[in-house]
Each structure stands twice: as structure tokens, then as C-alpha cells.
Amino acid sequence: FLLLCLAISAVGFLLIGPRALAIWVIVIGLVRAFLGALVLMLVAQQVFRGTGDYEATFRAIAYGSAPVALIWLPLIRPLIVLYALFLIIIGLERVQAFDATKAVLTVLLSAIVLVSVMWVFGAGHMWVPPPMLPRSV
């Protein structure tokens, strides 16, 4: 299901561009889903004593990522991301037997963990804008 949604998004990027994102949407989407499910499961189990396993958490990520099929539409992209996060939170509630607060905190803590790991491995420059250099006259 996730691969189908990512493929639809890749076709959309091929149609309206940027075309270079087409293959990366699939690759990065799959890696994000597998690693995201691992981090979400670890945070849910270790911090909030969740009861779900990796497979169930991955299913919640995969089904929650259904709106990604429309991520290639530029005007509604922020709404698509927010709706996907909402669906992932609802999925975590069911899979980990959480209330909404624990599910939201699990997503936020997982995002902090992922950004921290990216920073340690040298990918942190993607989150910080480049410094403003004065223009020479």
C-alpha cells in the first residue's frame, strides 16, 4: 500500500516536476517509513510503555502515509503533511493502546530523536538555513 502511494506521488512529480524528485520520493519514503516505525515503536515502548510491536507500528505509518500520494500538488502540500501526521497519531493510538496525548508526544519525541540522529551523522545542515553573507558593492 505504501509503495503504491509513493509510486502515485512519483508519477505526479514526473508530470508537473521537479522530475528529479520522482525516484527519491519512493526511496526516501520507504526508508522514512521503516526507520520512522522503528523510532516510533522504541519511543512508545520505552517512554510510554506502549503495547504495540514493530509490524503494527509500521502498518500505522504505512496507512497514515496515504495522503503522500498527493504530495506533488504544490498548493496543498502543507495540508497533506498535517493530515498524514494526524492519521499516524490516530494509528499510534490504536496500535500502542494510547490516548491522544501520549500518541502526540510519541510523534514529537520521535521527531526530536530523528533530527538529533541526522545532526550527529552530518545531515543537520538540512535543518539550518545558510548564513546571510553581506553583499559586496
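**Exercise 1. Determine the accessibility class of A97 and describe its backbone.**

Solution. At a relative accessibility of 58%, A97 is exposed (over 50% relative accessible area; buried is under 20%, partly exposed in between; 1.4 Å probe, protein chains only). The model is predicted: local features need pLDDT of at least 70, side-chain atom pairs count only at pLDDT 80 or more, and totals for chains, interfaces and linings use all residues. Residues are numbered from 1 along each chain as its sequence is written, and side-chain values use heavy atoms, without hydrogens and water.

Next, locate A97: the loop between α4 (77-96) and α5 (100-120) holds this residue (helices are DSSP runs of H or I, at least four residues, numbered from the N terminus). Finally, the phi of A97 is positive, near 60 degrees, in a residue other than glycine. Most residues other than glycine have a negative phi.

**Exercise 2. Carry out the analysis for R49.**

Solution. R49 has a positive phi of about 55 degrees and is not a glycine. R49 belongs to the loop between α2 (21-48) and α3 (54-64). With a relative accessible area of 62%, R49 is exposed.

**Exercise 3. Identify the residues of the nonpolar surface patch, and place L21.**

Solution. The patch, of about 810 Å², consists of L21, I23, W24, V27, I28, V31, L35, L38 and L42. Patch residues have over 30% relative accessible area and no salt bridge, nonpolar side chains (Val, Leu, Ile, Met, Phe, Trp, Tyr) being joined within 5 Å and like charges within 9 Å; a salt bridge puts a side-chain nitrogen of Lys or Arg within 4 Å of a carboxyl oxygen of Asp or Glu. L21 lies in helix α2 and is partly exposed, at 36% relative accessibility.

Notes:
Helices (H or I, at least four residues) and strands (E, at least two) are DSSP runs, numbered from the N terminus. Accessible areas come from the Shrake-Rupley method with a 1.4 Å probe; for residues, only the protein chains shown count as cover.
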